[in-house]
Amino acid sequence: MDDHAARLGLDAGLPLANARAICPDVEAFDDDPVADAQALNAIADWCDRFTPLVALDPPHSLFLDITGCAHLFGSEERLLQMLCGALTSQGFAVSAAIAGTSISARTMTRHVHGRIVGEGDEADSVSPLPISALGADEAITRGLRRAGLKSIGDVASRARHEIAARFGADFTALLEQALGQGEAPINPRKPLPDYIVEKRFAEPVATDGVIAAALSRLAATLVGTMDKQGKGARRLEASFFRTDGVVRTIAVDTGQPVTRVETIDRLFRERLDALADPLDPGFGFDLVRLSASRTEIVVQQQRDLDAHVQHDDELAALIDRIAARIGGRRVIVHLPQDTHVPERASLPVPAQQHLAAASLAAWPVPVEGEPPLRPLRLFERPEPIEVLLAEVPDRPPRHFKWRRAAHTVVRAEGPERIAMEWWRSSEAMPTRDYFRVEDEGGLRFWLYRDGLYGEIVREGEAVSPNWFVHGLFA
Amino acid sequence: MMGARTRMLAELRGNIERIEAGDVAASGRAALGHAEADAALQGGLALGAMHEVFSEARHSAAATGFIAGLARRVGARRPLVWVRQDFADIESGALSMGGCSELGLDPRLTVIVRATDVETALRASADALACDALGAVVTEIWGETRQFDLVASRKLTLTARTSGVTCLLLRLAAAPQPSTAETRWIVQAARSPPHVEAWGAPVLDTRLVRNRHGPVGHWIMEWKCDECLFRETPAHPEPVAAAPADRPHQAPAFAQRRAG
């Protein structure tokens with residue numbers, strides 16, 4: 001509710017007909033909670049420039065924990081001025097306050113704008129305010145008003161147990177927090193990064209070269225700071241704050257802790273190159289921030305004589321580079337699984353996280369003198385085949401049709417019977433009989449019959465089981 | 001100063017590894033094991049070059065087996081990066097690690113990159129080729145494509161030459177086109193030799209249709225999983241036992257027992 005509307009006599013909760021009577025050219029819009037939440041989130045993104053701890057308080061408020069941040073902007077007044085000035089110029093109606101606890105500050109904003117409550121003055125500043133400023137339930141506010149308690153000071157003067165008995169412990173806690181007597185932890189949107197470095201520009205920058213150079217200088221500072229504590233970054237985030245308030249954050253994950261500026265540079269270059277919607281500088285960025293949100297202690301290894309370690313490092317760096325461009329889930333290694341079900345025998349996992357585990361995995365050793373028993377190419381979804389010539393039970397088909405081509409089996413070996421893991425799934429899965437077959441042209445298939453003859457019963461009648469091709473041998 | 005020293009060390013290290021690898025010849029060629037093919041290739045498949053393998057869609061598994069064999073011969077015990085497209089999994093099946101390990105490729109050293117399209121795949125391969133810790137890079141491209149033109153192929157060749165990593169291109173369901181490849185093969189499955197009890201080892205009908213430094217040829221090869229070598233298919237598949245030289249007369253019939 002802005003001042004202009006308040007002067008006209010409009011109020012929240014007023015019926016539309018009454019509002020039209022007061023101000024005939026009022027325009028009505030539907031309530032859109034999703035868009036409101038989006039706008040609040042965007043403002044929260046923008047507020048990240050003041051402090052890394054920004055919490056949402058839907059539907060209309062934000063908490064900023066500015067402990068230890070104010071001096072970077074001059075003073076608390078200066079910070080408040082900058083924040084409100086910028087938001088107002090973007091077209092928002094702002095009401096802000098600074099106080100010792102978040103609830104206390106919120107209570108202040110509900111009544112006056114721009115107050116800074118000194119330490120220990122919370123109770124005095126909040127007391128004269130009306131009960132509604134607390135933001136408690138409508139029922140509680142009404143109950144208190146009926147009891148003749150109009151201001152927060154009135155309520156605070158009563159004994160706590162009386163209030164708690166009638167309005168609940170939650171309300172007493174809220175009251176104490178507003179009075180600065182109890183601490184209310186805020187719930188920040190993002191975890192606090194381990195390291196943050198940032199660069200503010202006096203004049204917005206828009207060219208790629210300048211942005212890259214700034215990022216590179218930030219990386220150097222970040223690496224220098226981390227190096228002193230023996231840390232390396234596993235996850236890096238670069239945030240670009242546009243002058244018009246839009247914030248774009250780009251994250252890069254690595255498999256091994258990064259300790260080199262060139263590596264960080266290269267990873268971000270790959271990532272920025274591959275963005276589906278490229279970084280749009282608009283009228284320019286006025287702040288670029290680089291933060292290491294996950295770090296690890298770096299173990300220094302002897303490198304010069306041990307070629308093996310160096311090779312592992314190079315492979316890990318290559319995986320990071322490719323993953324930065326196409327995504328970590330697209331670069332995979334496989335881990336063996338303890339199961340007989342062919343499609344579950346190996347588990348694809350992201351290489352960045354599991355390279356070390358994969359290089360030590362114990363795979364089943366092939367039997368010497370035997371031809372391959374498992375196909376080289378395995379269909380994720382076994383493909384049904386049409387068996388043209390029925391065979392005696394427990395033998396593979398003579399002729400079958402797969403992908404509209406007919407094949408005649410000239411050699412076959414099997415069955416290799418694989419029972420499904422009944423202890424894992426709730427519904428019964430039929431036993432599979434696998435056959436290795438070769439057709440007249442030399443194509444080698446891995447076929448299976450899903451279920452034994454007479455095992456599958458549908459509507460009281462035994463149906464003949466289906467055949468599938470599950471893989472292809474070289 | 002530091003850079004030069006590191007580079008020299010890396011070179012020396014590379015040389016030592018090459019000597020240690022043994023069967024990967026110092027001449028920069030890896031013998032396949034098939035005598036005639038090796039003769040045509042002048043000792044084996046050139047390292048640090050690009051080799052193409054083409055096949056029809058239905059012979060994709062055979063071509064995959066052939067390229068897995070090449071990668072094993074070329075890469076020895078070094079990591080392998082296999083770049084493939086997503087929809088190749090649906091068309092001709094995902095690469096099964098169980099099958100790979102039976103052919104002799106080590107799943108612990110195999111990293112798979114799943115690219116969405118040809119362009120991404122080519123870029124990832126170029127990146128991988130520049131990393132000299134690898135033994136080989138396999139790039140699997142499904143179907144005809146315009147993106148893989150002479151420029152792209154030249155780029156891969158140059159990168160491979162600089163780093164010494166061999167570039168193997170698997171072109172499924174595609175027809176050969178001009179490129180800068182060192183060799184070009186067309187592969188299809190061949191029938192297992194008759195009268196062999198343990199049938200099913202990869203037997204491949206391979207046609208060498210381009211060879212920059214030698215003749216072309218057409219051979220039927222068998223991949224020996226235990227030795228990790230290509231071999232000629234046995235011409236006389238029925239093994240003939242040698243006649244007993246110093247045996248006395250045959251033992252009487254009633255003394256014969258059968259085990260099992």
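Is Trp446(A) buried or exposed? That was what I looked up first in this predicted model. I got 30 C-beta neighbours inside 10 Å for Trp446(A), so the residue counts as buried, the cut-off being 20 or more.

**Around Trp446(A)**

I placed Trp446(A) in strand β15 of chain A, residues 444-450. Then I listed its contacts, skipping neighbours within four places in sequence. On the list are Pro375(A), Tyr434(A) and Arg436(A), along with a run of names further on: Val469(A), His470(A), Gly471(A) and Phe473(A). I also checked Pro348(A), which sits 98 residues from Trp446(A) along the chain; their C-alpha atoms are 22 Å apart.

**Domains of chain A**

I noted three domains in chain A: domain 1 covers 31-178, domain 2 covers 195-324 and domain 3 covers 377-473. For domains 1 and 2 of chain A, I found 37 Å between the C-alpha centres. How many residues of domain 1 of chain A are in contact with domain 2 of chain A? I counted six, and they meet six residues of domain 2. On the domain 1 side of that contact I have two nonpolar, one polar and three charged residues.

**Helices α9 and α10**

Next I went to α9(A), residues 160-167, and α10(A), residues 169-178. Their axes are 7 Å apart and the packing angle is about 135°. That angle makes α9(A) oblique to α10(A), because it falls outside the ranges for roughly parallel, perpendicular or antiparallel. From α9(A) I wrote down Arg160(A), Ile163(A), Ala164(A) and Phe167(A); they meet Ala169(A), Phe171(A) and Thr172(A) of α10(A). Sorting this contact by class, I got five nonpolar residues, one polar and one charged.

**Chain A against chain B**

I finished with the two chains. Here 47 residues of chain A are in contact with 49 of chain B. Which elements of chain A give two or more residues to the side that touches chain B? I found two helices, α13 (307-326) and α14 (351-359), plus the strands β9 (331-336), β11 (377-387), β14 (432-439) and β18 (466-473). The largest share is from α13(A), with nine residues. By class, I split the chain A side into 26 nonpolar, eight polar and 13 charged residues.

I took a further look at β9(A), since strand pairing crosses between the chains there. Two bridges join β9(A) to β6(B), residues 110-115, and the strands run antiparallel. For Val331(A), I noted Val113(B) as the bridge partner in β6(B).

Technical notes
Residues are numbered from 1 along each chain as its sequence is written. Chains are lettered from A and ligands numbered from 1 in the order in which they are written. This is a predicted model: local features need pLDDT of at least 70, side-chain atom pairs count only at pLDDT 80 or more; totals for chains, interfaces and linings use all residues. Axes are lines fitted to C-alpha atoms, for helices over the stretch in contact, and angles run from 0 to 180 degrees between N-to-C directions. Helices (H or I, at least four residues) and strands (E, at least two) are DSSP runs, numbered from the N terminus. Angles under 35 degrees count as roughly parallel, over 145 as roughly antiparallel, 65 to 115 as roughly perpendicular and the rest as oblique. Two residues are in contact if their C-beta atoms, placed from the backbone, lie within 7 Å. Ala, Val, Leu, Ile, Met, Phe, Trp, Tyr, Cys and Pro count as nonpolar, Asp, Glu, Lys and Arg as charged, and the others, Gly among them, as polar. Two strands pair if DSSP finds at least two bridges between them. A residue is buried if 20 or more other C-beta atoms lie within 10 Å of its own, exposed if 12 or fewer, and partly exposed in between; C-beta atoms are placed from the backbone. Domain bounds come from an automatic or database domain assignment.
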